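Biologist: Could you walk me through this one slowly? I'm new to reading structures, so I'll keep my questions simple.

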Amino acid sequence: MRLTRQSNYAIRTLVYCAVNEPGLSRVADIAKAYNISELFLFKLIKPLVENGLLATVRGRHGGIKLGKKAEDITLLDTIRLTEENFALAECFEDGADCPLIGECDLNGALREALGAFFEVLASYTIADLASKKRSIRDRLGLSAMEAVMEPAH
C-alpha cells in the first residue's frame with residue numbers, strides 16, 4: 001500500500017501549521033518549504049478546511065491554522081479525507097469479478113491487515129509528529145522567517 005501525494009502533503013501541511021502556532025501559516029510559505037506548487041496545496045487544503053482540520057483567516061494578514069488542537073487530529077482523520085479508497089486487492093472493490101469472493105481467506109487477511117493499519121494511524125496525532133518543534137521549525141525555515149518578521153527594538 002502506498003499513500004498518495006495528497007495524504008503526504010496534507011499531513012506535512014498540518015505539521016507545518018502545528019509547529020507554527022500560534023501564528024498563521026501562509027500557503028506560499030508552506031509550498032516553498034515543501035517545494036510543491038501553491039495550486040496543488042490550495043486543492044489539498046480545501047477538504048481539510050471543509051472537515052475542520054484547518055481553518056482559514058481572511059484578510060491582508062490572513063492564512064491558515066489548525067482547526068482543532070494538534071492532539072485531536074489523528075493521522076487516520078487526515079488520510080481518510082485524502083485517500084480515494086483503501087482497496088488492497090480487487091476483491092475489496094464493488095463489482096469485483098472473482099469466483100472466490102466470500103470463500104477466500106485472502107480477503108479476510110487483508111481486511112485484518114487494513115484494520116491494524118487504521119489502528120496504528122489512529123494512535124498517532126499531528127502533535128506527535130510536531131513534537132520536535134524547534135528542529136522542525138529550523139528545517140522548514142520558520143525560525144529564519146520569524147527573525148525577519150520581528151520588529152527591531
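Biologist: Which residue does Arg-26 form a salt bridge with?

Modeller: Keep in mind that this is a predicted model. The closest N and O atoms of the pair are 3.4 Å apart, and a salt bridge needs such atoms within 4 Å. So the pair qualifies, and the partner of Arg-26 is Asp-29.

Biologist: Is Asp-29 buried or exposed?

Modeller: Let's start with its partner: Arg-26 has a relative accessible area of 45%, so it is partly exposed. For Asp-29 the value is 16%. Buried means under 20%, so Asp-29 counts as buried.

Biologist: How many salt bridges does a search of the whole structure find?

Modeller: Besides the bridge of Arg-26 with Asp-29, Glu-50 forms one with Lys-46, with the closest N and O atoms 3.0 Å apart. The search of the whole structure gives a total of two.

Biologist: By about how much of a helix are Glu-50 and Lys-46 separated?

Modeller: Both of these residues, Glu-50 and Lys-46, are exposed. They sit four residues apart in helix α3, so the separation is about one helical turn.

Biologist: What about the overall layout: how many helices and strands does the protein have?

Modeller: Reading along the sequence, you meet the pattern α-α-α-β-β-α-α-α-α-α. Tally up the two kinds of element and you get eight helices and two strands.

Biologist: Which element gives the most to the largest nonpolar core?

Modeller: In soluble globular proteins, nonpolar side chains tend to be buried together. Here the largest nonpolar core has 37 residues, and Leu-41, Leu-54, Leu-66 and Ile-126 have the most contacts inside it. Several elements give two or more residues to this core, including α2, α3, β2 and α5. The top contributor, with nine residues, is α1.

Biologist: Let's pick out Ile-126. Which residues is it in contact with, leaving aside neighbours within four places in sequence?

Modeller: Ile-126 is among the residues with the most contacts inside the core. Leave those sequence neighbours out, and the contacts of Ile-126 are Ile-11, Leu-14, Val-15, Ala-18, Ala-70, Ile-73 and Leu-75.

Biologist: How is α1 oriented relative to α3?

Modeller: The two axes come within 10 Å and cross at roughly 75°. Angles from 65 to 115 degrees count as roughly perpendicular. That makes α1, relative to α3, roughly perpendicular.

Biologist: And how do the residues of that contact divide into nonpolar, polar and charged?

Modeller: On the α1 side you'll find Arg-5, Gln-6, Tyr-9, Ala-10 and Thr-13, while α3 brings Phe-40, Leu-41, Leu-44 and Leu-48. Sort the residues of the contact of α1 with α3 by type, and they divide into six nonpolar, two polar and one charged.

Biologist: Now for some threonines. Which residues does Thr-4 touch, not counting those up to four places away in sequence?

Modeller: Thr-4 lies in the segment before α1, and its relative accessibility of 28% makes it partly exposed. Its C-alpha atom is 9.2 Å from that of Ile-79, although the two residues are 75 apart along the chain. With the sequence neighbours left out, Thr-4 touches Thr-82 and Glu-83.

Biologist: Is Thr-74 buried or exposed?

Modeller: You'll find Thr-74 in the loop between β2 and α4. Not counting residues up to four places away in sequence, it touches Leu-121, Ala-122, Tyr-124 and Thr-125. Its relative accessibility is 14%, and the cut-off is 20%, so Thr-74 counts as buried.

Key: Residues numbered from 1 in each chain as written. Predicted model: local features only at pLDDT ≥ 70, side-chain atom pairs only at ≥ 80, totals over all residues. Heavy atoms only, no water. Core = buried A, V, L, I, M, F, W, Y, C linked by side-chain atoms within 4.5 Å. Buried < 20%, exposed > 50% of the residue type's maximum accessible area, 1.4 Å probe, protein only. Contact = heavy atoms within 4.5 Å. Salt bridge = Lys/Arg side-chain N within 4 Å of Asp/Glu carboxyl O. Axes fitted to C-alpha atoms, helices over the stretch in contact; angles between N-to-C directions. Parallel < 35°, antiparallel > 145°, perpendicular 65-115°, else oblique. Nonpolar A, V, L, I, M, F, W, Y, C, P; charged D, E, K, R; others polar.
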